[in-house]
Amino acid sequence: QTACVPVDVHVWNIACRDFDRSLASTKSLTPTVYNRVGQLFESEYGPYAGWAHSLFFAAELPTFRALLPRKLQAAMAQYAEQEKKRKQAIKTKSKSKSVIKGASKPPPKRKKKSKAK
């Protein structure tokens, strides 16, 4: 069917980049996010949302990306770099929280060795 939009993490990333950047703030592909991505494609492309999905998905492949206009390639690369930085910042923030949590823990207690007689 030309209206069906199968959603996976790649299509989710396309929707974040091209339709609704706020979707990038979600941590996983939940049913709500899945439905939202489908709605975005449907609202933009109507009965051809599934066909548009296929074109967007193919454009992400290195073989076809080279066929896209240079300006679009540059925009895709810029978004990829922004996402990389955003994810790195989240990872760094998460690590700093775990270090802070770890610092507040008292050192582990040592068990006393019992003397064998």
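Two exercises with worked solutions follow, both resting on a predicted model.

**Exercise 1.** Determine how helix α1 packs on helix α2, and which kinds of residue make the contact.

*Solution.* Begin with the geometry, since two packed helices are described by the angle between their axes and the distance between the axes. Helix α1 covers residues 9–18 and helix α2 covers residues 31–45, and the two pack at an angle of about 60° with their axes 10 Å apart. That angle makes α1 oblique to α2, because the roughly perpendicular range runs from 65 to 115 degrees and roughly parallel requires an angle under 35 degrees. The crossing of α1 past α2 is left-handed.

Next, list the participants: α1 contributes Val11, Trp12, Ile14 and Ala15, while α2 contributes Val33, Val37, Leu40 and Phe41. Sorted by character, the residues of this contact comprise eight nonpolar, no polar and no charged.

Finally, turn to α1 itself, where the buried residues are Val11, Trp12, Ile14, Ala15, Cys16 and Arg17. At the N-terminal end of α1, Asp8 acts as a cap, with a side-chain oxygen 3.1 Å from the backbone nitrogen of His10.

**Exercise 2.** Decide whether Gln73 is buried or exposed, and find what its side chain reaches.

*Solution.* First place the residue: Gln73 belongs to helix α5, which spans residues 70–103. Its relative accessibility is 18%, so Gln73 counts as buried, the cut-off for buried being under 20%. Then follow the side chain of Gln73, which reaches the backbone oxygen of Ala66 at 3.4 Å. With neighbours within four places in sequence left aside, Gln73 is in contact with Arg65, Ala66 and Leu68.

Technical notes. Residues are numbered from 1 along each chain as its sequence is written. This is a predicted model: local features need pLDDT of at least 70, side-chain atom pairs count only at pLDDT 80 or more; totals for chains, interfaces and linings use all residues. Side-chain values use heavy atoms; hydrogens and water are left out. Helices (H or I, at least four residues) and strands (E, at least two) are DSSP runs, numbered from the N terminus. Buried means under 20% relative accessible area, exposed over 50%, partly exposed in between (1.4 Å probe, protein chains only). A polar contact is a pair of N or O atoms within 3.5 Å; within protein, one must be able to donate a hydrogen and the other to accept it, and residues adjacent in sequence count only if both atoms are side-chain atoms. Contact means heavy atoms within 4.5 Å. Axes are lines fitted to C-alpha atoms, for helices over the stretch in contact, and angles run from 0 to 180 degrees between N-to-C directions. Angles under 35 degrees count as roughly parallel, over 145 as roughly antiparallel, 65 to 115 as roughly perpendicular and the rest as oblique. A crossing is left-handed if the near helix is turned anticlockwise from the far one by less than a right angle, and right-handed if clockwise. Ala, Val, Leu, Ile, Met, Phe, Trp, Tyr, Cys and Pro count as nonpolar, Asp, Glu, Lys and Arg as charged, and the others, Gly among them, as polar.
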